[in-house]
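Reader: I have a structure to study and some questions about it. Could you take me through them one at a time?

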Amino acid sequence: MREDGFSGGCQCGAVRYHSTMAAEGVHFCHCRMCQRAVGNVFAALAVVRKETVTWTGQPSFYASSSVAERGFCARCGTPLTFAYPDSDWMSFTIGSLDDPEAAVPEVHCGVESRLSWLHVQDGLPVEYTDSKGERLRDMVSKQGVF
Ligand SMILES: [Zn+2]
Ligand SMILES: [Zn+2]
């Protein structure tokens, strides 16, 4: 990553972002909601303070639940961000970074939904979703009933 920050964007180039701080708390999230939101078997996310982020072009947002919103490019569909609106922090999908090699994951989150056939033996710690915790206990999913 250039300097301390990083840049990235969607696959069509209509939406670009830059953060002036280096990513922290880089993680995999295996939770079912992240799987659905990124259309893949896990999300890989890099966390920064919202105030360090500037955009070129306009991301669109989908409230995937009553407590979270996920940014994406409305033109090409690339998943870009995850955030709790009441938090000072937000996450970018590592695959949308210009230099994903520089965002090194530190932990596997949401492992209660990790797929049984996905064997990642990287020695990183694992965390379970705290669905009874203060933020999520009253969460209402907006991912529908399938
Ligand atoms: Zn795009
Ligand atoms: Zn998740």
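Reader: Which residues of S1 are buried on its two faces?

Author: Keep in mind that this is a predicted model. In a regular strand the side chains alternate between the two faces of the sheet. S1 has Phe 6 and Gly 8 on one side, and Ser 7 and Gly 9 on the other. Both faces are covered, and the buried residues are Phe 6, Gly 8, Ser 7 and Gly 9.

Reader: What is the order of the strands in the open sheet of three?

Author: The pairing in this sheet is antiparallel. Its edge strands are S1 (6-9) and S5 (53-56), and each pairs on one side only. The twist averages 20° from one strand to the next. The order is S1-S2-S5.

Reader: Which residue in S2 stands opposite Gly 8?

Author: S1 pairs with S2 (residues 16-19) over four bridges, in the antiparallel sense. Gly 9 faces Arg 16 in S2. Opposite Gly 8 stands Tyr 17.

Reader: Which residue takes a positive phi in the hairpin of S1 and S2?

Author: This hairpin has six residues between the strands. The phi in question is near 90°. The residue is Gly 13.

Reader: Which residues coordinate the zinc ion (ligand 1)?

Author: The donor spacing along the chain is C-x1-C-x60-C-x2-C. Each donor is an SG atom, at 2.3 to 2.4 Å. The residues are Cys 10, Cys 12, Cys 73 and Cys 76.

Reader: What is the geometry at the site of the zinc ion (ligand 1)?

Author: Ideal angles for four tetrahedral donors are 109.5 degrees. The angles among the four donor atoms here are 106 to 113°. Four donors count as tetrahedral if all angles lie between 85 and 135 degrees. The site is therefore tetrahedral.

Reader: How many residues apart in sequence are the parts that Cys 10 and Cys 73 tie together?

Author: Cys 10 is buried, with a relative accessible area of 8%, and Cys 73 is buried at 2%. Cys 10 lies in the loop between S1 and S2. Cys 73 lies in the loop between S7 (68-72) and S8 (79-83). So the pair ties together parts that are apart in sequence by 63 residues.

Reader: Which residues are the protein donors of the zinc ion (ligand 2)?

Author: The spacing along the chain is C-x1-C-x2-C. The SG atoms lie 2.2 to 2.3 Å from the ion. The donors are Cys 29, Cys 31 and Cys 34.

Reader: Is Cys 29 buried or exposed?

Author: Buried means under 20% relative accessible area. Cys 31 has 13%, so Cys 31 is buried, and Cys 34 is buried too. Cys 29 has a relative accessibility of 10%, so Cys 29 counts as buried.

Reader: How many disulfides does the count come to?

Author: A disulfide needs a pair of cysteine sulfur atoms within 2.5 Å. By this rule the count comes to zero.

Reader: What is the order of the strands in the open sheet of seven?

Author: This sheet has mixed pairing. The edge strands are S6 (60-65) and S10 (107-109), each pairing on one side only. Direction ignored, neighbouring strands are turned by 30° against each other on average. The order is S6-S7-S8-S9-S4-S3-S10.

Reader: Which residue in S9 is the bridge partner of Leu 45?

Author: S4 and S9 run antiparallel. Five bridges join them. The partner of Leu 45 is Thr 93.

Reader: Which residues have the most contacts inside the largest nonpolar core?

Author: In soluble globular proteins, nonpolar side chains tend to be buried together. The largest core here has 17 residues, and S4 (43-49), S8 and S9 (89-93) each give two or more. Apart from it lies another core of eight residues, including Cys 31, Leu 45, Val 107 and Cys 109. In the largest core, the residues with the most contacts are Val 48, Phe 92 and Leu 97.

Reader: How far apart in space are Met 90 and Val 15?

Author: Met 90 is found in S9. Met 90 is buried, with a relative accessible area of 8%. In sequence, Met 90 and Val 15 are 75 residues apart. C-alpha to C-alpha, their separation in space is 16 Å.

Technical notes:
Residues are numbered from 1 along each chain as its sequence is written. Chains are lettered from A and ligands numbered from 1 in the order in which they are written. This is a predicted model: local features need pLDDT of at least 70, side-chain atom pairs count only at pLDDT 80 or more; totals for chains, interfaces and linings use all residues. Side-chain values use heavy atoms; hydrogens and water are left out. Two strands pair if DSSP finds at least two bridges between them. Axes are lines fitted to C-alpha atoms, for helices over the stretch in contact, and angles run from 0 to 180 degrees between N-to-C directions. Donors are N, O and S atoms within 2.8 Å of the metal (3.2 Å for Na, K and Ca); water is not among the atoms, so sites may look incomplete. Four donors count as tetrahedral if all angles lie between 85 and 135 degrees; four count as square planar and six as octahedral if opposite donors are over 155 degrees apart and all others between 65 and 115; anything else is irregular. Buried means under 20% relative accessible area, exposed over 50%, partly exposed in between (1.4 Å probe, protein chains only). A nonpolar core is a set of buried Ala, Val, Leu, Ile, Met, Phe, Trp, Tyr and Cys residues joined through side-chain atoms within 4.5 Å.
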